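Me: I'm new to this structure, so a full tour would lose me. Pick one small part and look at it closely, then work outwards from there.

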Amino acid sequence: MTRLTALNPEEVTGKTKDLFNAVQAKLGVVPNMMRTMGNSPAVLEGYLNLSGALSHGKLSSKTGELIALTVSESNSCEYCVAAHTFIGGKLLKTDAQVLHDARTGNSADAKTEAILQFAKTLISKNGLVNDQDVNAIKNAGISDAELAETVAHVALNVLTNYFNNTANTEIDFPAVPDLALQN
């Protein structure tokens, strides 16, 4: 059972209505996470602004989705795993095995794997990485800009994971099986 209310886009007003209209125009729908974030227009706007800014960064949309899967799996966020599996597969046309591997921080591409492993390290160390952790990702050919964006993508996904785990947001994307059941 959900713990926070997902607002009906037809019933909201003011800033929330404006934000929902923008999401609707871009996605064709207002997903439950955003409908729930709409309880605080400041939270929804902050999420949308950071997500939008990162979409213009050095890291590709595909890499952003793979980071999201790594972080979401690490934080046991079923909503985000389902959402990013759907987005990665249906919208970005990413192979199902690539999406599956990202959930464990793995990739056939060495540069992507370095990014995903660093994301896992950030999560496991609560952001308190050391010189060795930073040198490992830099030695894999990751620029300072890409490293900064990796941290930002992790932070964005920690926000959504914690939000959805707190709200127990109803999943409105196709369900994704637990990794333990797939191996």
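Reply: Let's start with a word we'll need a lot: a residue is buried if its relative accessible area is under 20%, exposed if over 50%, and partly exposed in between, using a 1.4 Å probe and protein chains only. Keep in mind that this is a predicted model, where local features need pLDDT of at least 70 and side-chain atom pairs count only at pLDDT 80 or more, while totals for chains, interfaces and linings use all residues. Residues are numbered from 1 along each chain as its sequence is written, and side-chain values use heavy atoms, leaving out hydrogens and water.

The part I'd pick is Thr36. With a relative accessibility of 3%, Thr36 is buried, because that falls under the 20% cut-off. Thr36 sits in helix α2, which covers residues 32-37. Helices here are DSSP runs of H or I with at least four residues, strands are runs of E with at least two, and both are numbered from the N terminus.

What does the side chain of Thr36 reach? It gets to the backbone oxygen of Asn32, at 2.8 Å. That's a polar contact: a pair of N or O atoms within 3.5 Å, where, within protein, one must be able to donate a hydrogen and the other to accept it, and residues adjacent in sequence count only if both atoms are side-chain atoms. A handy rule for reading helices is that an α-helix has 3.6 residues a turn, so residues three or four places apart point the same way.

Now for the company around it. Contact means heavy atoms within 4.5 Å. Setting aside neighbours within four places in sequence, Thr36 is in contact with Leu4, Thr5, Ala6, Leu7, Phe163, Ala167 and Thr169.

Follow Thr169 from there and you meet Asn164, whose side chain makes a polar contact with the side chain of Thr169 at 2.7 Å. Asn164 is in helix α9 and is buried, with a relative accessible area of 3%. Not counting residues up to four places away in sequence, Asn164 touches Met33, Cys77, Tyr79, Cys80 and Thr169.

Met33 also turns up in the list for Tyr47, which touches Met33, Met34, Met37, Leu156, Leu159 and Thr160 once residues up to four places away are left out. Tyr47 belongs to helix α3, residues 41-54, and is buried at 12% relative accessibility. Between the C-alpha atoms of Tyr47 and Val71 there are 16 Å in space, and 24 residues in sequence.

Next, go to the start of helix α9, which runs over residues 144-167 and includes Asp144. Is Asp144 buried or exposed? Asp144 is exposed, at a relative accessible area of 52%. Its C-alpha is 34 Å from that of Gly38, and the two are 106 residues apart along the chain.

Helix α8 (residues 131-139) has a cap at its N-terminal end: a side-chain oxygen of Asn130 lies 3.0 Å from the backbone nitrogen of Gln132. Inside α8, Ile137 is buried with a relative accessible area of 2%. Beyond residues up to four places away, Ile137 touches Ala114, Ile115, Phe118, Ile142 and Leu147. Just past α8, Gly141 takes a positive phi of about 95°.

Two residues that aren't glycine have a positive phi as well: Ser76, near 55°, and Asn126, at about 50°. Ser76 is in the loop between α4 (61-74) and α5 (78-91) and is exposed at 58% relative accessibility. Asn126 lies in the loop between α7 (110-124) and α8, and is exposed at 66%.

Finally, step back to the whole chain. It has 10 helices and 0 strands. The C-alpha trace spans about 50 × 35 × 30 Å along its principal axes. Of the 183 residues, 41% count as buried. Among contacts between residues at least 6 apart in sequence, 70% join residues at least 24 apart. The radius of gyration is 16 Å, which agrees with the value near 16 Å for a compact globule of 183 residues; it is taken over C-alpha atoms, and the globule rule is 2.2 Å times the number of residues to the power 0.38.
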